[in-house]
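User: I've got this one open in the viewer and would like to talk it through. Can you take a few questions?

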Amino acid sequence: MNKFTALYADMIKTWEGHSAQYLNGVVSTLSLAFVATVIGCIIGLVCGILQTIPYSKKDNPFKKAVLWLIRIIIRIYVEVFRGTPMVLQAMFVYFAIPYFTNNTVRLDVIPTAYLVVSINTGAYMAETVRGGILSIDPGQTEGAKAIGMNHLQTMLYVILPQTIKNIIPQIGNNFIINIKDTSVMFIIGYTELFAAHKAIVGAKYVYFPSSVITMILYLALTVIASIILRWWEDLMDGPDNFDVATTDTLALTSGTYNYRGDKKKKKREKQQIDANTEREEKNE
Amino acid sequence: MSEVILQVNHLSKSFGKNEVLKDIDFSVKKGDVTSIIGSSGSGKSTLLRCVNLLETPTSGEIIYRGQNIETLKGGQSEYRSHVGMVFQSFNLFANMSVLKNCVIGQTKVLGKTKDEAQAEAMKFLEKVGMAPYINAKPHQLSGGQKQRVAIARALAMNPDVLLFDEPTSALDPEMVGEVLSVMQDLAAEGMTMLVVTHEMAFAKDVSNRVIYMNKGVICEDGTPEQIFGNPQKQETKDFLARFRSLSE
């Protein structure tokens with residue numbers, strides 16, 4: 001048992017000595033994961049739009065060739081960045097430019113880290129978005145085409161809003177994976193949480209206490225992230241009820257439609273009843 | 001002599017080796033309410049979808065107000081914005097409210113301002129009796145309500161001709177009436193309509209022209225009196241007889 005108290009004491013001591021370093025690590029981990037997930041999603045959405053441009057046999061050969069080329073390029077991009085370890089991609093990007101320019105040009109560590117994680121996430125998101133688009137009822141596309149929308153308008157106003165709602169869980173997956181996997185960026189010297197842990201361990205030889213602290217911090221980040229994502233999902237679902245906009249009192253009886261248990265409405269009704277009984281009691 | 005809005009010449013459509021439409025010719029004049037009837041698989045819906053280019057015809061041409069639609073400036077989208085379509089499965093935009101469904105096309109395709117578009121949308125939503133529900137999402141509505149919103153959405157684009165693809169086939173029996181009465185009002189106001197339907201009463205009483213399709217060709221084409229009262233072809237007689245025996 002006293003091993004645990006010793007561990008606790010060590011952890012407190014390590015935290016007190018290095019809290020700024022840990023928190024800096026948390027900030028750079030979170031900002032890298034967040035920005036890369038957002039950029040990755042944008043890459044995924046753009047790939048999704050490009051990949052689903054329809055063409056028919058009657059279209060001119062130039063258009064067909066361009067569309068074919070776009071699909072091939074996206075395909076290669078996805079396969080390469082999904083099929084190689086991110087830690088290697090980081091080194092690849094970081095050392096490629098100096099190699100070809102005889103060390104005269106060099107991309108800084110931070111831009112490299114953002115670039116690599118973004119395009120890596122983008123490769124996964126491209127497939128997620130494609131799947132999301134395919135999952136939307138073709139009738140939605142037909143409805144949009146039937147009122148004269150072109151492909152871009154159909155995608156922007158009708159298909160992608162529905163796709164995004166459906167793929168939020170997957171976006172959340174990617175965000176959480178990124179929070180953890182950005183730790184491989186220490187390879188090019190990006191100082192995020194894991195790098196902070198390594199530095200502290202190297203200086204103080206507190207291997208286990210620092211591991212526990214870092215574990216707790218990562219877990220806190222990911223749990224908070226999942227809670228926020230759930231909340232976002234609920235927000236995207238919109239309100240359960242709608243208000244009947246009318247001056248016609250007859251429509252009120254037939255119009256309101258409750259969808260799922262609406263807690264707020266029940267609360268309102270309860271308050272109303274309470275208020276009524278109160279009034280009645282006063283009258284008496 | 002009223003103006004010809006749509007002219008379909010030698011239209012054919014094959015899915016692989018299966019030839020669904022064979023050399024179809026017909027035209028739609030302004031103010032015509034044309035019902036297309038026929039048994040399942042006769043190509044009625046495919047014909048309508050080809051007219052709106054949701055299916056690409058294998059061959060043939062479609063002339064819209066004297067112009068081949070392949071040479072129209074704005075391309076397919078421009079053409080489709082003049083030809084409204086109401087689907088069997090409604091196809092309302094699931095991510096938008098009823099009002100937004102009727103506004104989005106006007107603002108994004110026709111380039112109207114939001115206020116103009118909303119006023120126009122309200123006009124048609126009132127016409128179909130759905131004005132109280134402007135804040136509802138499609139999944140909160142019944143089938144008949146959805147279809148009425150879909151009609152308002154199509155009308156809000158101010159189309160020259162409105163295509164209906166079995167608009168009542170996915171509805172519960174008690175909801176068929178509300179949709180048909182909206183369509184009847186439209187017909188009375190002179191809207192040009194092309195209706196694929198299994199509602200023989202509608203074809204007989206509301207439309208002024210009936211096309212009977214069988215096995216991918218137009219088998220018989222005439223006024224409701226001619227088709228229902230005095231059909232010339234044996235196929236038409238057989239088809240109508242099946243309906244009579246059911247209804248009696």
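Here is a short back-and-forth on confidence, strands, surface and salt bridges.

User: Let's start with how far to trust this. Where in chain B is confidence lowest?

Analyst: Keep in mind that this is a predicted model, with ipTM 0.89 and pTM 0.82. Chain B averages a pLDDT of 90, and 98% of its residues score at least 70. Confidence in chain B peaks in strand β8 (residues 193-196) at 95, while the lowest mean, 81, belongs to helix α9 (residues 234-247) of chain B.

User: What is the radius of gyration of chain B?

Analyst: Chain B has 9 helices and 10 strands. The globule rule gives 18 Å for 248 residues, and chain B comes close to that, so it is as compact as a globular protein of that length; its radius of gyration is 18 Å.

User: Is strand β3 of chain B buried or exposed?

Analyst: From β3(B), B:Val33, B:Ser35 and B:Ile37 point one way, B:Thr34 and B:Ile36 point the other way, and all are buried. The strand pairs in parallel with β8(B) over 4 bridges, and also in parallel with β9 (residues 209-214) of chain B over 4 bridges. With 5 of its 5 residues under the 20% cut-off, β3(B) is largely enclosed by the rest of the structure, so the word is buried.

User: Which residue of β9(B) is the bridge partner of B:Ile37?

Analyst: On the β8(B) side, B:Thr34 has B:Leu194 as its bridge partner. Over in β9(B), the partner of B:Ile37 is B:Tyr212.

User: Which strands stand at the edges of the open sheet that has β2, β1, β4 and β5 of chain B?

Analyst: The order in that antiparallel sheet of 4 strands is β2-β1-β4-β5 (chain B). β1 (residues 4-15) pairs with β2(B) over 8 bridges, and one of the contacts puts B:Val8 opposite B:Phe26. The two edge strands each have a single partner, so one side of each is left without a neighbour in the sheet: they are β2 (18-29) and β5 (67-68) of chain B.

User: Over to chain A. Why does A:Trp68 count as exposed?

Analyst: A:Trp68 sits in helix α2 (residues 61-82) of chain A. Together with A:Leu69, A:Ile72, A:Ile73, A:Ile76 and A:Val80, A:Trp68 forms a nonpolar surface patch with about 580 Å² of accessible area. Exposed means over 50%, and A:Trp68 qualifies because its relative accessibility is 54%.

User: Which residues are linked in a salt-bridge network with A:Glu79?

Analyst: A:Glu79 and A:Arg82 lie 3 residues apart in helix α2 of chain A, about one turn, and their side chains meet in a salt bridge at 3.7 Å, N to O. Both are partly exposed, A:Glu79 at 35% and A:Arg82 at 32%. The network joins A:Glu79 to A:Arg82 and A:Arg75.

User: And what is the N to O distance between A:Arg130 and A:Glu127?

Analyst: These two are also part of a helix, 3 residues apart in α4 of chain A, so about one helical turn separates them. A:Arg130 is partly exposed at 28% relative accessibility. Their side chains meet in a salt bridge with an N to O distance of 3.1 Å.

User: Last one: how many salt bridges does the structure hold?

Analyst: Chain B contributes too, for instance B:Glu120 with B:Lys123, whose closest N and O atoms are 3.7 Å apart. That pair lies in helix α4 (residues 114-127) of chain B. Over all chains, the count is 12.

Terms used. Residues are numbered from 1 along each chain as its sequence is written. Chains are lettered from A and ligands numbered from 1 in the order in which they are written. This is a predicted model: local features need pLDDT of at least 70, side-chain atom pairs count only at pLDDT 80 or more; totals for chains, interfaces and linings use all residues. Side-chain values use heavy atoms; hydrogens and water are left out. Patches are made of residues with over 30% relative accessible area and no salt bridge: like charges are joined within 9 Å, nonpolar side chains (Val, Leu, Ile, Met, Phe, Trp, Tyr) within 5 Å. Accessible areas come from the Shrake-Rupley method with a 1.4 Å probe; for residues, only the protein chains shown count as cover. A salt bridge is a side-chain nitrogen of Lys or Arg within 4 Å of a carboxyl oxygen of Asp or Glu. Buried means under 20% relative accessible area, exposed over 50%, partly exposed in between (1.4 Å probe, protein chains only). Two strands pair if DSSP finds at least two bridges between them. pLDDT is the predictor's confidence in each residue, from 0 to 100. The radius of gyration is taken over C-alpha atoms; the globule rule is 2.2 Å times the number of residues to the power 0.38.
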